[in-house]
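Here are some short exercises to work through with the model in view. Try each task first, then follow the solution step by step.

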Amino acid sequence: MVKPIEFQQILQSQKASQFCGLAHIPGDKSISHRALILGSLAVGETKIQGLLESEDVLQTLRALRMFGADIARHEDGTWRVYGVGTGGFREPSDVIDCGNSGTGARLLMGAMSTTPITAVFTGDASLRSRPMRRVTEPLSEFGAQLKARGNERLPVTVMGTDQPLPIVHRMKTQSAQVKSAILLAGLNAPGQTQVIESAETRDHTERMLKSFGADIAVEKQGGEQIITLDGYAELSPQSVTIPGDPSSAAFVIAAALIVKDSNIRMTEIGMNPTRCGFLTTVQDMGASVNITERHVVAGEPVANLQITYAPLKGVVVPAERAVTMIDEYPILAALAACAQGDTVMQGIGELRYKESDRIQAMAAGLNQCGVKTTESEDQLIVHGRGANSVSGGATCQSFMDHRIAMSFLCLGLISKRPIAVDDVTPIQTSFPSFVSMMNGLGAQIYSPSE
Ligand code: S3P
């Protein structure tokens with residue numbers, strides 16, 4: 001009998017004969033971070049249902065407690081956040097450790113930079129290697145002083161300003177984290193803060209700010225999007241329900257598409273158009289995804305999905321789609337290995353700055369599994385030759401990256417020989433129930449020593 005072990009470092013997956021049932025997809029990671037942060041910046045009690053209780057989100061929660069918010073979990077699984085108001089953060093008495101989370105680090109730096117307190121941010125080895133100038137530069141325009149290691153990386157010391165100035169920032173990198181950091185800083189600055197972006201990155205911050213009562217307007221002009229936020233905002237507490245994370249759902253969708261005779265259902269999955277690029281892409285590849293019960297929960301569109309096995313063909317994924325599926329490229333690369341023909345992923349240079357260099361990590365693991373790839377600075381081509389061509393029989397490196405680990409465990413469900421992943425502990429950062437949920441649906445993910 002195959003017994004799942006969730007907390008073991010090395011896990012492997014092998015061919016699954018079935019993959020069926022109702023998948024319980026945990027709450028959206030991006031929205032969970034934002035609900036905790038905005039709840040902490042509102043005055044009074046915010047109630048959060050369906051919070052993702054993963055390492056990344058819990059690091060943000062711990063940080064917000066250090067900034068003075070009172071956050072508690074109730075027996076029924078809801079979380080209550082007693083916020084301190086915009087500008088109400090107190091100086092933390094220790095270093096803020098954001099763990100693996102770029103979202104946590106960048107959004108929290110923004111949220112505190114216009115309050116006259118000092119905080120030192122750090123994270124794990126993966127986070128400490130990621131670029132931070134993209135946030136330190138715009139935040140210093142507000143008047144805050146930010147000092148990064150080597151001018152670019154964590155640890156970063158932020159000395160928040162007591163005399164913030166509003167800023168107008170044209171995005172150099174298309175990043176929802178940078179946009180959100182600026183908007184959160186703008187909450188406690190006078191006047192109007194503006195962010196101008198040429199590609200519409202995920203808009204959870206804008207939607208949630210609106211529902212917490214901030215004055216925020218989004219306007220499209222000549223191919224650009226201008227977001228204008230009124231400063232010195234007073235946020236009123238809300239009741240937030242977090243939708244299922246479409247980025248986590250992508251792993252289950254992918255497994256359903258490659259395991260023969262599969263049939264998977266999932267409910268209340270986030271369908272925000274700024275996150276739907278993966279669904280569009282798998283539909284282009286030949287998948288049929290049945291989308292029902294579309295409705296809106298707490299300002300975010302959601303729906304139920306049903307997915308069954310489908311033979312896939314290679315496609316070209318245009319650069320314009322990248323922001324709407326930025327976290328889904330690792331699992332797309334695994335799916336592309338099972339498709340007939342080449343899948344060309346264009347304009348994905350940003351993947352090199354995620355929890356790992358995801359272009360390099362996926363290419364390396366796929367090559368070990370007998371799948372050919374061609375990589376350039378901002379493009380990956382996977383030369384798919386059908387599901388039966390994936391030989392497996394390799395130990396792939398996760399490079400401290402949850403999405404790389406989960407992608408190779410999914411690919412092992414159809415490879416000729418098992419695929420092992422050298423370290424699966426990063427999965428805790430976004431999808432702690434991944435192994436037990438997948439095995440409950442028919443996957444075979446287990447410790448090689450079993
Ligand atoms: C996120 C935005 C994306 C994404 C990350 C979460 C967010 O990063 O990759 O996992 O919650 O804002 P960038 O917008 O910086 O590309």
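A polar contact is a pair of N or O atoms within 3.5 Å; within protein, one must be able to donate a hydrogen and the other to accept it, and residues adjacent in sequence count only if both atoms are side-chain atoms. This is a predicted model, where local features need pLDDT of at least 70, side-chain atom pairs count only at pLDDT 80 or more, and totals for chains, interfaces and linings use all residues. Residues are numbered from 1 along each chain as its sequence is written, and side-chain values use heavy atoms, with hydrogens and water left out.

**Exercise 1.** Find the domains and describe the interface between domain 1 and domain 2.

*Solution.*
- Start with the bounds, which come from an automatic or database domain assignment: domain 1 is 11-27 + 243-446, and domain 2 is 29-230.
- Next, look at the contact (heavy atoms within 4.5 Å): 26 residues come from domain 1 and 26 residues from domain 2.
- The centres of the two domains, taken over C-alpha atoms, are 28 Å apart.
- For the area, use the accessible area (1.4 Å probe) that two parts lose on being put together, summed over both. About 2,100 Å² is buried between domain 1 and domain 2, and carbon and sulfur atoms give 51% of this.
- Finally, count the pairs: 15 residue pairs are in polar contact between the domains, both residues at pLDDT 80 or more.

**Exercise 2.** Place Arg130 and decide: is Arg130 buried or exposed?

*Solution.*
- Helices (H or I, at least four residues) and strands (E, at least two) are DSSP runs, numbered from the N terminus. Arg130 sits in the loop between helix H4 (125-128) and helix H5 (133-141).
- Buried means under 20% relative accessible area, exposed over 50%, and partly exposed in between (1.4 Å probe, protein chains only). Arg130 has 3% relative accessibility, so it counts as buried.

**Exercise 3.** Which residues meet Arg130?

*Solution.*
- Leave aside neighbours within four places in sequence; the contacts of Arg130 then include Arg106, Glu152, Tyr353 and Glu355.
- A polar atom of the Arg130 side chain lies 3.0 Å from the backbone oxygen of Tyr353.
- Arg130 and Glu355 also form a salt bridge (3.8 Å, N to O), where a side-chain nitrogen of Lys or Arg is within 4 Å of a carboxyl oxygen of Asp or Glu.
- Lys354 is 224 residues from Arg130 along the chain, yet their C-alpha atoms are separated by 7.1 Å.
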